[in-house]
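Please open the structure in a viewer and keep the sequence panel at hand. The tour below proceeds by selection, with a short account of what is found at each stop.

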Amino acid sequence: FGPLLENPRMMLLGAAGQTGAEPKIGFLKRHAFPLTFALLIAAHLALTFYFEKPKIILSDTPIAWLDYDTHIGQAYVVSEALDRFGKSWAYDPGTLAGYLNGVGFDTDNKAWELWTFALWKLGLSKGLAFNLFILLAHLMVPWVVFFSARLFGLGRWTALLAAVMGIALWCFDAYPRWCWWVGMTAWAMASYFALLPLALFYRYLKTLKWSYIALLAVFLSAAHLIHPLTFVILVVPMAFLYLRAFNKLKALQHAGIVAAALSVLAVNAYWLIPIFKYLHYAAPPVTGFYGQSSAAFFITDYLGLLN
């Protein structure tokens, strides 16, 4: 099945061989892949705007219900804090009698906050800026899956099939669809975006080209801004890939990997440092289990078990 996907002309030639005629495929032969890819993107756009009505997602009013309400409050408070005080956090009298907003509880909202703030400063309304992150999460699905598949070494037609499957999961599988429908957008986005840094790391270890480690630093940092539990998703497969290639790497190549990891910490330091500074605010009953986990949580969380 794989070879047929990568060379559709084989199917045509097989059919033509029964009659001895060479198939006339001309234009389609030259442009079959880009046309199919464009058709896939068009179908994905249609699905996106079926679920997220343009008059709603492109309006100045933020989408608000269930988890969206939480993220709106966080994005708006952090945007105001960045604008007025140059800080990524602020005391919010509307939340738990003045609890620090932007510290700890919003770790799954960092990219969304920065995105909202940046677009707002560029002249968009906060509501539209907030909604456009939701739209971004939808639109990136086929692109991330396709290019990740290509980095893993799949042929372009097989990678296109992977993108089709990614769209199908995003739009029709109950759990990811429920996540982005109720507002757990960053969580759902991280579930597929993590593929890209993993694929870049795989490609780097295979080719040892510095361009891949540079891209890894960028996309791994972005992935942790989208959701810090990206670390939990990636730590096991990346550790396996690294240990498998450990002996063939030279000191400079090991250093490149360490530099990529340090870049993630550097990019995320603006919110990590305040968390440790104000960790005493995470004592119960303010945030439940935040900051109170044990080593056992690493295993149970990774396996999706209740502890």
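At what angle do helix H9 and helix H10 pack, and how far apart are their axes? The model on display is a predicted one. Select residues 156-172 for helix H9 and residues 174-182 for helix H10: the two pack at an angle of about 60°, and their axes are 5 Å apart. Since angles under 35 degrees count as roughly parallel and those from 65 to 115 as roughly perpendicular, H9 and H10 are therefore oblique to each other.

Next, show the side chains at this contact. From H9, select Leu 169, Trp 170, Cys 171 and Phe 172; these meet Ala 174, Pro 176, Arg 177 and Trp 180 in H10. Colouring by class gives 7 nonpolar residues, 1 charged residue and no polar ones for the contact of H9 with H10.

Keep H10 in view and add helix H11, residues 185-193. The axes of H10 and H11 cross at roughly 140° and come within 7 Å. An angle has to be over 145 to count as roughly antiparallel, and H10 and H11 are therefore oblique to each other. On the H10 side, the contact is made by Tyr 175, Pro 176, Cys 179 and Trp 180, and on the H11 side by Thr 185, Trp 187 and Ala 188. This contact of H10 with H11 comprises 6 nonpolar residues and 1 polar residue, with no charged residue. Pro 176 and Trp 180 of H10 appear in the contact with H9 and also in the contact with H11.

Now move to helix H5, residues 67-85, and select Glu 80 and Arg 84. Side chains of opposite charge can pair when their charged atoms come close. Here the side chains of Arg 84 and Glu 80 meet in a salt bridge, with an N to O distance of 2.7 Å. The two residues are 4 residues apart in H5, about one turn of the helix. The structure holds 4 salt bridges.

For the last stop, switch to a surface display. Which residues form a nonpolar patch there? Select Phe 231, Val 236, Phe 298, Ile 299, Tyr 302, Leu 303 and Leu 305, which together have about 690 Å² of accessible area. Helix H14 (230-245) and helix H16 (295-302) each supply at least two residues of the patch. H16 gives the most, with 3 residues, while Leu 303 lies in the segment after H16.

Notes
Residues numbered from 1 in each chain as written. Predicted model: local features only at pLDDT ≥ 70, side-chain atom pairs only at ≥ 80, totals over all residues. Heavy atoms only, no water. Axes fitted to C-alpha atoms, helices over the stretch in contact; angles between N-to-C directions. Contact = heavy atoms within 4.5 Å. Nonpolar A, V, L, I, M, F, W, Y, C, P; charged D, E, K, R; others polar. Patch = residues over 30% accessible without salt bridge, like charges linked within 9 Å, V, L, I, M, F, W, Y side chains within 5 Å. Areas by Shrake-Rupley, 256 points an atom, 1.4 Å probe, with all protein chains shown as cover.
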